[in-house]
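Trainee: Please give me a close look at one part of this model, the largest cavity. Start with its walls, then work outward.

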Amino acid sequence: MGARKKVVLLGATGSIGTSALKVIRQRSDRLELVGIAANQNAEALAAIAKEFSVPSVCLYDEDAYRSAKADELFPKSIELSCGSEGLCRLASHPDCDIALIAVVGTQGLLPALAAIEAGKTLAVASKEILVLAGKFIMEAAEKAGVRLLPVDSEHNALFQCLEGIPKPHVSRLVLTGSGGSFRDLPTEQLQTVSLEQALKHPNWDMGPKVTIDSATMANKGLEMIEAKWLFGMEPHQVDVVIHSQSIVHSMVECIDGSVIAQMSPPDMAFAIQHTLLYPDRGAAPAQRLDFSSPFTLDFRPPDLERYPCLSLARHAIKAGGGAPGIFNAANEIAVDAFVQERIKFVEIAKIVEKTLETIDNREPGTIDEVLEYDSQARAEAARNVSLFNL
Ligand code: MG
């Protein structure tokens with residue numbers, strides 16, 4: 001048996017984290033978990049540390065960290081840390097080969113940079129890393145000669161499709177999206193949809209934030225921004241199509257009109273395993289596509305009246321500078337307000353639009369400025385939420 005690849009997993013208790021653990025469990029001959037982090041779920045983290053004999057653990061939340069210490073939840077042999085420093089230490093740990101960053105929000109930004117600067121392969125799952133700091137991350141990765149591997153199913157698909165295609169041969173990237181919970185609902189009924197209805201995704205089993213973002217397609221908007229940075233595309237070269245089955249995960253259209261697609265069942269394990277084993281491949285981590293019984297794939301252009309967040313995202317990409325960050329921050333605040341049932345579903349896009357209008361678009365010059373700008377956008381979005389309060 002060759003040396004196992006050493007994996008650090010930030011966001012081990014989340015939706016992506018859970019799928020990643022499943023892959024690492026199945027491929028324990030090839031992968032070894034050497035570091036894990038979660039926000040505050042100490043019990044879940046302790047169980048993972050025990051199962052995988054993980055030597056380094058970070059509890060981001062300081063109170064959770066203190067009580068875990070007081071309760072001796074982790075054996076003394078485990079290196080326990082907290083906060084952003086703890087995350088950065090794990091991501092750049094001498095024992096780490098690949099850092100998978102799947103934490104919620106902007107907390108993944110500094111650890112992503114720390115991993116790159118330490119020369120670690122970076123597996124990106126947290127959208128904020130590229131949406132907020134794409135310029136800094138791509139520059140740092142190029143400087144350090146570090147490879148970025150996208151975990152999100154769409155970008156992972158594009159990564160696979162683009163292998164072997166010289167960039168001048170690429171005409172555009174086509175991201176697929178399921179269209180979310182309300183893709184077939186008459187648009188006038190969107191005014192009155194409930195939280196419960198919005199949380200029912202037709203194909204994917206994901207966390208609440210991503211499920212709502214999928215219903216508004218703000219998710220696809222964020223993915224367009226990520227794709228632009230990851231693959232060095234112009235804004236007009238990134239497109240979106242609705243594909244109900246979530247089997248084609250994205251496509252690359254070449255200048256000669258040939259379209260290369262990547263297909264697999266809608267299970268994150270495929271993209272995660274591809275990333276963790278890259279450039280190698282392993283046996284299918286879940287049920288394969290079954291061509292022995294008939295199935296249909298359909299595609300249709302997104303209806304921008306149904307999905308105003310998609311137009312807002314396109315506007316933000318074209319505007320550049322800090323606009324993608326404002327889009328992200330305002331959307332997060334608005335979705336949060338919707339999940340708390342403080343605003344209506346259709347008001348999510350209105351809050352994003354208003355926040356994009358009311359903040360001056362500046363280009364942040366440093367990571368600190370990125371984070372500062374993010375806070376400013378959140379505060380402005382929160383003010384806009386109170387205007388729409390039910
Ligand atoms: Mg996705």
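Mentor: Start with the chemistry of the walls. The lining of the largest cavity has 6 polar, 5 nonpolar and 1 charged residues. Here Ala, Val, Leu, Ile, Met, Phe, Trp, Tyr, Cys and Pro are nonpolar, Asp, Glu, Lys and Arg charged, and the others, Gly among them, polar. The model is predicted, so local features need pLDDT of at least 70 and side-chain atom pairs pLDDT 80 or more, while totals for chains, interfaces and linings use all residues. Residues are numbered from 1 along each chain as its sequence is written, and side-chain values use heavy atoms, without hydrogens or water.

Now the space itself. The structure holds 1 cavity of 30 Å³ or more. The largest cavity has a volume of about 60 Å³. A cavity is a set of points on a 1 Å grid over the protein atoms alone where a 1.4 Å probe fits but cannot get out, and lining residues have an atom within 4 Å of a point. The volume is the space filled by probe spheres set on the points.

Who lines it? The walls include Ser 153, Asn 156 and Gln 160. Trp 204 and His 249 are also in the lining. So are Gln 262, Ser 264, Pro 265, Asp 267, Met 268, Phe 270 and Ala 271. Helices α7 and α11 each supply at least two of the lining residues. The largest share, 3 residues, comes from α7. Helices (H or I, at least four residues) and strands (E, at least two) are DSSP runs numbered from the N terminus.

Follow each helix outward. Take α7 first. It lies across β8, β10 and β11, at about 40° to β10. Angles run from 0 to 180 degrees between N-to-C directions of lines fitted to C-alpha atoms, for helices over the stretch in contact. Contact means heavy atoms within 4.5 Å.

Those strands belong to an open sheet of 4 strands with mixed pairing, in the order β9-β8-β10-β11. The edge strands β9 and β11 (259-263) each have a single partner, so one side of each has no neighbour in the sheet. Neighbouring strands here are turned by 25° against each other on average, direction ignored. Two strands pair if DSSP finds at least two bridges between them. Strands β8 (residues 170-177) and β9 pair in the parallel sense over 5 bridges. Across that pairing, Thr 176 stands opposite Val 241 in β9.

Look at the loop that leaves β9. His 243 sits there, between β9 (238-242) and β10 (248-254). His 243 is buried, with a relative accessible area of 0%. Buried is under 20%, exposed over 50% and partly exposed in between, using a 1.4 Å probe and protein chains only. Sequence neighbours up to four places away aside, His 243 touches Thr 176, Gly 177, Ser 178, Val 248, Leu 297, Asp 298 and Phe 299.

Now take α11. This helix (residues 269-277) lies across β1 (5-10), β2 (31-38), β5, β6 and β7, at about 155° to β5. These strands are part of an open sheet of 7 strands, with parallel pairing and the order β4-β3-β2-β1-β5-β6-β7. At its edges, β4 (79-82) and β7 (148-150) each have a single partner strand, so one side of each lacks a neighbour in the sheet. The twist averages 20° from one strand to the next. Within it, β5 (residues 98-101) and β6 (residues 121-124) pair in the parallel sense over 4 bridges. Ile 101 stands opposite Val 124 in β6.

Last, an open space that shares α7. The second largest pocket has a volume of about 400 Å³. Of its 18 lining residues, Met 138, Arg 147, Phe 159, Leu 230 and Phe 231 are closest to the centre. Two or more lining residues come from each of α6 (128-144), β7 and α7 (153-162). A pocket is an open set of points with protein on both sides within 12 Å along at least five of seven lines. Helix α6 gives the most to this lining, with 3 residues. The lining divides into 13 nonpolar, 1 polar and 4 charged residues.
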